[in-house]
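Thanks for making the time this morning. I would like to walk you through one model, beginning with its strands and then moving on to charged pairs and helices.

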Amino acid sequence: MDDKSKSLKRLLTGIRPTGPLHLGHYVGALKQWIPLQDEYECFFLIADIQALTTHAENPGLIVQAVEDVVLDWVSVGLDPTRSNVHFVLQSEVRELTELTVYLGMVTPFTWMERNPTIREERKHLKKSATVGFMTYVVSQAADILFVSHDPNQVKSSILVPVGEDQAPHLRDNNRIASAFNKLYGPTFNRCNALIGDVGRLVGVDGQAKMSKSAGNAINLKDDPETVKNLVMGMFTDPKRTSADVPGTVEDNPVFIYHDAFNTNVEEVADLKDRYKKGKVGDVEVKKKLIVALESFLEPIRARRADAKKNLDTMDVLSSGTARARELAAATVERTRSAMHLMRLP
Ligand code: TRP
(Lines give C-alpha, C1' and ligand atoms only; values in the text may rest on other atoms or scores of the structure.)
Protein backbone atom coordinates (compact mmCIF):
# COMPACT_ATOMS: atom_id res chain seq x y z
CA MET A 1 0.00 0.00 0.00
CA ASP A 2 1.27 3.47 -0.82
CA ASP A 3 2.01 6.07 1.84
CA LYS A 4 -0.89 8.23 0.83
CA SER A 5 -3.38 5.45 1.65
CA LYS A 6 -1.73 4.89 5.02
CA SER A 7 -2.42 8.42 6.17
CA LEU A 8 -6.14 8.20 5.39
CA LYS A 9 -8.83 8.17 8.06
CA ARG A 10 -10.02 4.64 8.76
CA LEU A 11 -13.34 2.94 8.22
CA LEU A 12 -14.30 -0.52 9.39
CA THR A 13 -17.49 -2.43 8.89
CA GLY A 14 -18.48 -6.06 8.72
CA ILE A 15 -21.00 -8.69 7.95
CA ARG A 16 -21.68 -12.22 9.21
CA PRO A 17 -21.21 -14.74 6.43
CA THR A 18 -24.33 -16.86 6.75
CA GLY A 19 -25.57 -16.69 3.16
CA PRO A 20 -25.68 -14.57 0.04
CA LEU A 21 -26.44 -10.87 0.45
CA HIS A 22 -29.84 -9.48 -0.45
CA LEU A 23 -31.59 -6.21 -1.26
CA GLY A 24 -32.04 -5.49 2.45
CA HIS A 25 -28.27 -5.55 2.95
CA TYR A 26 -27.92 -3.25 -0.02
CA VAL A 27 -30.28 -0.47 1.05
CA GLY A 28 -29.53 -0.83 4.77
CA ALA A 29 -25.75 -0.84 4.52
CA LEU A 30 -23.79 -1.65 1.33
CA LYS A 31 -25.07 1.29 -0.69
CA GLN A 32 -23.46 3.84 1.54
CA TRP A 33 -20.11 2.03 1.74
CA ILE A 34 -19.32 2.52 -1.92
CA PRO A 35 -18.53 6.27 -2.09
CA LEU A 36 -16.57 6.07 1.17
CA GLN A 37 -13.85 4.14 -0.66
CA ASP A 38 -12.70 7.47 -2.09
CA GLU A 39 -11.99 8.97 1.31
CA TYR A 40 -10.99 6.28 3.78
CA GLU A 41 -8.70 3.39 4.29
CA CYS A 42 -11.48 0.77 4.32
CA PHE A 43 -11.60 -2.50 6.21
CA PHE A 44 -14.51 -4.69 5.14
CA LEU A 45 -14.64 -7.56 7.58
CA ILE A 46 -16.17 -10.96 6.96
CA ALA A 47 -17.02 -11.96 10.51
CA ASP A 48 -16.81 -15.74 10.30
CA ILE A 49 -16.21 -16.18 14.03
CA GLN A 50 -19.27 -14.09 14.78
CA ALA A 51 -21.20 -16.29 12.32
CA LEU A 52 -20.35 -19.24 14.59
CA THR A 53 -22.34 -17.60 17.40
CA THR A 54 -25.47 -18.69 15.56
CA HIS A 55 -24.20 -21.32 13.12
CA ALA A 56 -21.67 -23.37 15.12
CA GLU A 57 -23.30 -26.61 14.00
CA ASN A 58 -23.00 -25.69 10.34
CA PRO A 59 -19.45 -24.53 9.56
CA GLY A 60 -19.70 -25.68 5.92
CA LEU A 61 -22.35 -23.07 5.28
CA ILE A 62 -20.01 -20.35 6.54
CA VAL A 63 -17.24 -21.41 4.15
CA GLN A 64 -19.62 -21.13 1.20
CA ALA A 65 -20.96 -17.81 2.44
CA VAL A 66 -17.46 -16.27 2.72
CA GLU A 67 -17.01 -16.77 -1.02
CA ASP A 68 -20.50 -15.40 -1.68
CA VAL A 69 -19.89 -12.28 0.38
CA VAL A 70 -16.64 -11.48 -1.43
CA LEU A 71 -18.38 -11.79 -4.81
CA ASP A 72 -21.47 -9.89 -3.63
CA TRP A 73 -19.30 -7.05 -2.33
CA VAL A 74 -17.40 -6.77 -5.60
CA SER A 75 -20.67 -6.99 -7.54
CA VAL A 76 -22.08 -3.85 -5.89
CA GLY A 77 -18.90 -1.86 -6.45
CA LEU A 78 -16.52 -2.41 -3.56
CA ASP A 79 -13.08 -2.58 -5.09
CA PRO A 80 -10.42 -4.62 -3.28
CA THR A 81 -7.93 -3.97 -6.08
CA ARG A 82 -7.51 -0.45 -4.70
CA SER A 83 -4.59 -0.12 -2.32
CA ASN A 84 -6.78 1.48 0.38
CA VAL A 85 -9.55 -1.16 0.33
CA HIS A 86 -9.12 -4.37 2.30
CA PHE A 87 -11.39 -7.41 2.53
CA VAL A 88 -10.57 -9.09 5.83
CA LEU A 89 -11.31 -12.59 7.12
CA GLN A 90 -11.97 -12.13 10.84
CA SER A 91 -10.82 -15.57 12.03
CA GLU A 92 -7.43 -15.14 10.36
CA VAL A 93 -6.70 -11.97 12.27
CA ARG A 94 -5.66 -14.07 15.26
CA GLU A 95 -4.83 -10.97 17.29
CA LEU A 96 -8.56 -10.23 17.50
CA THR A 97 -9.28 -13.18 19.76
CA GLU A 98 -6.57 -11.93 22.09
CA LEU A 99 -7.86 -8.37 22.03
CA THR A 100 -11.36 -9.67 22.82
CA VAL A 101 -10.10 -11.23 26.05
CA TYR A 102 -8.42 -8.00 27.15
CA LEU A 103 -11.46 -5.86 26.36
CA GLY A 104 -13.65 -8.34 28.23
CA MET A 105 -11.90 -7.38 31.46
CA VAL A 106 -13.38 -3.87 31.42
CA THR A 107 -16.83 -4.83 30.11
CA PRO A 108 -19.60 -5.40 32.66
CA PHE A 109 -21.65 -8.45 31.72
CA THR A 110 -24.84 -6.45 32.32
CA TRP A 111 -24.05 -4.38 29.21
CA MET A 112 -24.30 -7.54 27.15
CA GLU A 113 -27.52 -8.67 28.80
CA ARG A 114 -29.11 -5.26 28.27
CA ASN A 115 -28.02 -4.72 24.68
CA PRO A 116 -31.34 -4.56 22.76
CA THR A 117 -30.04 -6.32 19.64
CA ILE A 118 -28.65 -9.18 21.76
CA ARG A 119 -31.97 -9.45 23.60
CA GLU A 120 -33.88 -9.60 20.34
CA GLU A 121 -31.54 -12.12 18.71
CA ARG A 122 -31.49 -14.23 21.85
CA LYS A 123 -35.25 -14.80 21.55
CA HIS A 124 -34.73 -16.46 18.19
CA LEU A 125 -31.95 -18.83 19.29
CA LYS A 126 -32.94 -22.46 19.14
CA LYS A 127 -30.78 -23.35 22.12
CA SER A 128 -29.71 -21.51 25.25
CA ALA A 129 -27.25 -18.73 24.51
CA THR A 130 -23.58 -19.71 24.50
CA VAL A 131 -20.78 -17.73 26.14
CA GLY A 132 -19.62 -16.88 22.61
CA PHE A 133 -23.01 -15.48 21.73
CA MET A 134 -23.42 -13.47 24.93
CA THR A 135 -20.03 -11.83 24.45
CA TYR A 136 -19.94 -11.29 20.71
CA VAL A 137 -20.34 -7.56 21.24
CA VAL A 138 -16.94 -7.54 22.98
CA SER A 139 -15.51 -9.41 20.03
CA GLN A 140 -17.13 -6.88 17.70
CA ALA A 141 -15.50 -4.08 19.74
CA ALA A 142 -12.14 -5.78 19.10
CA ASP A 143 -13.06 -5.92 15.38
CA ILE A 144 -13.55 -2.18 15.39
CA LEU A 145 -10.93 -0.98 17.85
CA PHE A 146 -8.00 -2.79 16.27
CA VAL A 147 -7.92 -0.11 13.57
CA SER A 148 -7.52 2.62 16.20
CA HIS A 149 -4.69 5.02 15.75
CA ASP A 150 -2.63 5.54 18.88
CA PRO A 151 -4.70 8.32 20.53
CA ASN A 152 -1.49 9.80 21.94
CA GLN A 153 -0.32 10.42 18.40
CA VAL A 154 -3.39 10.89 16.23
CA LYS A 155 -6.73 12.38 17.30
CA SER A 156 -9.16 10.53 15.11
CA SER A 157 -12.26 8.40 15.19
CA ILE A 158 -13.16 5.24 13.33
CA LEU A 159 -16.07 5.45 10.91
CA VAL A 160 -18.42 2.45 11.10
CA PRO A 161 -21.17 2.46 8.45
CA VAL A 162 -23.84 -0.09 9.40
CA GLY A 163 -27.55 -0.90 9.42
CA GLU A 164 -29.61 0.42 12.32
CA ASP A 165 -29.67 -2.93 14.16
CA GLN A 166 -25.95 -2.43 14.84
CA ALA A 167 -26.34 0.88 16.65
CA PRO A 168 -26.48 -0.70 20.15
CA HIS A 169 -23.22 -2.55 19.41
CA LEU A 170 -21.48 0.65 18.43
CA ARG A 171 -22.70 2.35 21.58
CA ASP A 172 -21.28 -0.51 23.60
CA ASN A 173 -18.07 -0.32 21.58
CA ASN A 174 -17.61 3.26 22.71
CA ARG A 175 -18.47 2.46 26.31
CA ILE A 176 -15.86 -0.31 26.24
CA ALA A 177 -13.23 1.98 24.66
CA SER A 178 -13.96 4.69 27.24
CA ALA A 179 -13.87 2.27 30.15
CA PHE A 180 -10.52 0.94 28.98
CA ASN A 181 -9.02 4.39 28.33
CA LYS A 182 -10.21 5.64 31.70
CA LEU A 183 -8.60 2.79 33.54
CA TYR A 184 -5.40 2.34 31.54
CA GLY A 185 -4.85 5.63 29.72
CA PRO A 186 -5.59 6.62 26.10
CA THR A 187 -5.35 3.43 24.03
CA PHE A 188 -8.30 3.37 21.63
CA ASN A 189 -10.12 5.84 19.41
CA ARG A 190 -13.89 5.95 19.59
CA CYS A 191 -16.07 5.07 16.64
CA ASN A 192 -18.67 7.08 14.77
CA ALA A 193 -21.72 5.21 13.54
CA LEU A 194 -23.03 6.01 10.10
CA ILE A 195 -26.51 4.52 9.91
CA GLY A 196 -28.13 3.85 6.51
CA ASP A 197 -31.12 6.06 5.70
CA VAL A 198 -33.50 3.28 4.68
CA GLY A 199 -32.92 1.40 7.92
CA ARG A 200 -34.37 -1.99 7.16
CA LEU A 201 -36.19 -3.20 4.10
CA VAL A 202 -39.41 -5.21 4.54
CA GLY A 203 -39.45 -8.74 3.22
CA VAL A 204 -41.46 -9.76 0.13
CA ASP A 205 -43.95 -11.30 2.57
CA GLY A 206 -44.53 -7.96 4.30
CA GLN A 207 -42.65 -9.03 7.44
CA ALA A 208 -40.69 -6.23 9.08
CA LYS A 209 -37.29 -7.37 7.91
CA MET A 210 -35.90 -9.02 4.83
CA SER A 211 -33.81 -11.95 5.97
CA LYS A 212 -32.51 -15.20 4.65
CA SER A 213 -33.86 -17.15 7.61
CA ALA A 214 -37.39 -15.82 7.06
CA GLY A 215 -37.21 -16.91 3.39
CA ASN A 216 -38.51 -13.51 2.26
CA ALA A 217 -35.40 -12.15 0.57
CA ILE A 218 -34.40 -11.17 -2.96
CA ASN A 219 -30.68 -11.93 -3.24
CA LEU A 220 -28.30 -9.78 -5.24
CA LYS A 221 -27.30 -12.89 -7.18
CA ASP A 222 -30.83 -14.18 -7.89
CA ASP A 223 -31.59 -14.79 -11.56
CA PRO A 224 -34.39 -12.92 -13.39
CA GLU A 225 -36.82 -15.83 -13.12
CA THR A 226 -36.42 -16.02 -9.33
CA VAL A 227 -36.81 -12.26 -8.99
CA LYS A 228 -39.94 -12.32 -11.11
CA ASN A 229 -41.53 -15.08 -9.04
CA LEU A 230 -40.69 -13.37 -5.76
CA VAL A 231 -42.17 -10.07 -6.91
CA MET A 232 -45.31 -11.61 -8.41
CA GLY A 233 -45.93 -13.37 -5.09
CA MET A 234 -45.24 -10.26 -3.07
CA PHE A 235 -47.50 -9.18 -0.24
CA THR A 236 -49.48 -5.99 -1.00
CA ASP A 237 -52.57 -4.32 0.46
CA PRO A 238 -54.71 -7.26 1.67
CA LYS A 239 -57.90 -5.15 1.58
CA ARG A 240 -57.64 -4.94 -2.16
CA THR A 241 -59.65 -7.84 -3.52
CA SER A 242 -59.73 -6.38 -7.03
CA ALA A 243 -58.07 -3.66 -9.11
CA ASP A 244 -60.91 -1.15 -8.62
CA VAL A 245 -60.70 -1.13 -4.82
CA PRO A 246 -58.78 1.96 -3.63
CA GLY A 247 -55.53 0.82 -2.03
CA THR A 248 -53.08 1.98 0.61
CA VAL A 249 -49.62 2.95 -0.52
CA GLU A 250 -48.02 3.59 2.89
CA ASP A 251 -46.24 0.56 4.35
CA ASN A 252 -47.12 -1.42 1.27
CA PRO A 253 -44.07 -3.54 0.30
CA VAL A 254 -44.46 -3.07 -3.47
CA PHE A 255 -44.33 0.70 -3.05
CA ILE A 256 -41.53 0.59 -0.50
CA TYR A 257 -39.53 -1.30 -3.13
CA HIS A 258 -40.58 1.11 -5.90
CA ASP A 259 -39.35 3.98 -3.74
CA ALA A 260 -36.07 2.22 -3.02
CA PHE A 261 -35.25 0.90 -6.51
CA ASN A 262 -37.30 2.55 -9.24
CA THR A 263 -35.38 5.53 -10.58
CA ASN A 264 -38.37 6.61 -12.70
CA VAL A 265 -39.91 8.94 -10.11
CA GLU A 266 -42.84 10.02 -12.31
CA GLU A 267 -43.83 6.44 -12.96
CA VAL A 268 -43.85 5.73 -9.22
CA ALA A 269 -45.93 8.85 -8.50
CA ASP A 270 -48.41 7.87 -11.20
CA LEU A 271 -48.71 4.30 -9.95
CA LYS A 272 -49.30 5.50 -6.39
CA ASP A 273 -51.92 7.95 -7.55
CA ARG A 274 -53.83 5.34 -9.52
CA TYR A 275 -53.45 2.75 -6.76
CA LYS A 276 -55.08 5.06 -4.23
CA LYS A 277 -57.97 5.65 -6.62
CA GLY A 278 -58.47 1.99 -7.48
CA LYS A 279 -57.32 2.56 -11.06
CA VAL A 280 -54.44 0.12 -11.38
CA GLY A 281 -54.10 -3.59 -10.74
CA ASP A 282 -51.44 -5.14 -8.51
CA VAL A 283 -50.13 -7.02 -11.52
CA GLU A 284 -49.17 -3.83 -13.37
CA VAL A 285 -47.54 -2.38 -10.25
CA LYS A 286 -45.55 -5.58 -9.82
CA LYS A 287 -44.54 -5.84 -13.47
CA LYS A 288 -43.15 -2.32 -13.37
CA LEU A 289 -41.31 -3.19 -10.19
CA ILE A 290 -39.74 -6.20 -11.92
CA VAL A 291 -38.48 -3.93 -14.72
CA ALA A 292 -37.03 -1.49 -12.17
CA LEU A 293 -35.36 -4.26 -10.16
CA GLU A 294 -33.91 -5.81 -13.28
CA SER A 295 -32.25 -2.58 -14.35
CA PHE A 296 -30.78 -2.36 -10.86
CA LEU A 297 -29.72 -6.02 -10.65
CA GLU A 298 -28.45 -6.63 -14.17
CA PRO A 299 -25.15 -4.68 -13.84
CA ILE A 300 -24.65 -6.26 -10.42
CA ARG A 301 -24.99 -9.76 -11.90
CA ALA A 302 -22.61 -8.84 -14.71
CA ARG A 303 -19.95 -7.62 -12.30
CA ARG A 304 -20.40 -10.76 -10.21
CA ALA A 305 -19.93 -13.01 -13.23
CA ASP A 306 -16.82 -11.09 -14.20
CA ALA A 307 -15.37 -11.33 -10.69
CA LYS A 308 -16.12 -15.03 -10.55
CA LYS A 309 -14.01 -15.49 -13.65
CA ASN A 310 -11.21 -13.03 -13.04
CA LEU A 311 -10.80 -12.48 -9.33
CA ASP A 312 -9.04 -14.88 -6.97
CA THR A 313 -11.16 -14.47 -3.84
CA MET A 314 -8.60 -16.17 -1.59
CA ASP A 315 -5.91 -13.80 -2.82
CA VAL A 316 -8.11 -10.81 -2.15
CA LEU A 317 -8.76 -12.02 1.39
CA SER A 318 -5.09 -12.81 2.02
CA SER A 319 -3.82 -9.39 1.12
CA GLY A 320 -6.59 -7.54 2.98
CA THR A 321 -6.11 -9.73 6.03
CA ALA A 322 -2.34 -9.17 6.00
CA ARG A 323 -2.83 -5.40 6.27
CA ALA A 324 -5.38 -5.94 9.07
CA ARG A 325 -2.92 -8.09 11.01
CA GLU A 326 -0.27 -5.43 10.75
CA LEU A 327 -2.55 -2.96 12.54
CA ALA A 328 -3.98 -5.54 14.93
CA ALA A 329 -0.52 -6.62 16.11
CA ALA A 330 0.42 -3.02 16.90
CA THR A 331 -2.87 -2.46 18.73
CA VAL A 332 -2.46 -5.62 20.79
CA GLU A 333 1.03 -4.52 21.84
CA ARG A 334 -0.26 -1.10 22.88
CA THR A 335 -3.12 -2.74 24.79
CA ARG A 336 -0.86 -5.17 26.62
CA SER A 337 1.54 -2.51 27.71
CA ALA A 338 -1.32 -0.23 28.86
CA MET A 339 -2.55 -3.13 31.02
CA HIS A 340 0.93 -3.76 32.44
CA LEU A 341 1.03 -7.26 31.07
CA MET A 342 4.59 -8.49 31.38
CA ARG A 343 6.89 -9.16 28.53
CA LEU A 344 9.30 -11.98 29.17
CA PRO A 345 12.81 -11.71 27.79
N1 TRP B 1 -22.64 -7.68 13.68
C2 TRP B 1 -22.51 -7.46 12.26
C3 TRP B 1 -23.66 -8.18 11.55
O4 TRP B 1 -24.34 -8.97 12.14
C5 TRP B 1 -21.21 -7.96 11.69
C6 TRP B 1 -19.97 -7.35 12.29
C7 TRP B 1 -18.96 -8.04 12.89
C8 TRP B 1 -19.59 -5.99 12.29
N9 TRP B 1 -17.96 -7.21 13.29
C10 TRP B 1 -18.31 -5.93 12.93
C11 TRP B 1 -20.19 -4.80 11.85
C12 TRP B 1 -17.65 -4.72 13.13
C13 TRP B 1 -19.51 -3.59 12.05
C14 TRP B 1 -18.27 -3.55 12.68
O15 TRP B 1 -23.87 -7.98 10.37
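Strands β1 and β2 pair with each other in the parallel sense, and seven bridges hold that pairing. To give you one position to look at, T13 has F44 in β2 as its bridge partner. Between the two strands the chain passes through helix α2, residues 23-33, and the β-α-β crossover made in this way is right-handed. I should say at once that this is a predicted model, so please hear everything that follows as a description of a prediction.

β2 also pairs with strand β3, residues 85-89, again in a parallel arrangement, this time through five bridges. Here L45 is the residue that stands opposite V88 in β3.

How many of the seven residues of β2 are buried? Seven of the seven are, so the strand is largely enclosed by the rest of the structure. In a regular strand the side chains alternate between the two faces of the sheet. In β2 both faces are covered, with Y40, C42, F44 and I46 buried on one side, and E41, F43 and L45 buried on the other.

That list includes a glutamate, E41, which brings me to the charged pairs. E41 makes a salt bridge with R10, and the closest N and O atoms are 3.9 Å apart. Because E41 sits in strand β2, residues 40-46, while R10 sits in strand β1, residues 9-15, the pair ties together parts that are 31 residues apart in sequence. Both partners, E41 and R10, are buried.

Across the whole structure the search finds 24 salt bridges, and I will pick out two others. The first joins D259 to K272, with the closest N and O atoms 3.0 Å apart. Since D259 belongs to helix α12, residues 253-261, and K272 to helix α13, residues 265-277, this pair ties together parts 13 residues apart in sequence. The second is between the side chains of K277 and D273, at 3.1 Å from N to O. K277 and D273 are both in helix α13, four residues apart, which is about one turn of the helix. As for their surroundings, K277 is partly exposed at a relative accessible area of 48%, and D273, at 36%, is partly exposed as well. Returning to the buried pair, salt bridges with shared partners join R10, E41, R323 and E326 into one network.

Let me turn to the helices. Helix α14, residues 282-310, has 29 residues and reaches 41 Å from its first C-alpha to its last, which is close to the 42 Å expected at 1.5 Å a residue. Even so, α14 bends by about 30° at L297, and a proline, P299, follows within four residues.

Where does T321 lie? T321 is in helix α15, residues 313-338, and with a relative accessibility of 6% it counts as buried. Apart from residues up to four places away in sequence, T321 touches F87, V88, L89, E92 and V93, and V88 is the β3 residue we met opposite L45.

A328 has its place in helix α15 too, and at 1% relative accessibility it is buried. Its contacts, leaving aside neighbours within four places in sequence, are V93, E95 and F146. Finally, the C-alpha atoms of A328 and R94 are separated by 8.7 Å, although these residues are 234 residues apart along the chain.

Note on methods:
Residues are numbered from 1 along each chain as its sequence is written. This is a predicted model: local features need pLDDT of at least 70, side-chain atom pairs count only at pLDDT 80 or more; totals for chains, interfaces and linings use all residues. Side-chain values use heavy atoms; hydrogens and water are left out. A salt bridge is a side-chain nitrogen of Lys or Arg within 4 Å of a carboxyl oxygen of Asp or Glu. Buried means under 20% relative accessible area, exposed over 50%, partly exposed in between (1.4 Å probe, protein chains only). Two strands pair if DSSP finds at least two bridges between them. A crossover is right-handed if, with the strands pointing away from the viewer, the path from the first strand over the helix to the second runs clockwise. The expected span of a helix is 1.5 Å times one less than its number of residues. The bend at a residue is the angle between axes fitted to the seven residues ending there and the seven starting there. Contact means heavy atoms within 4.5 Å.
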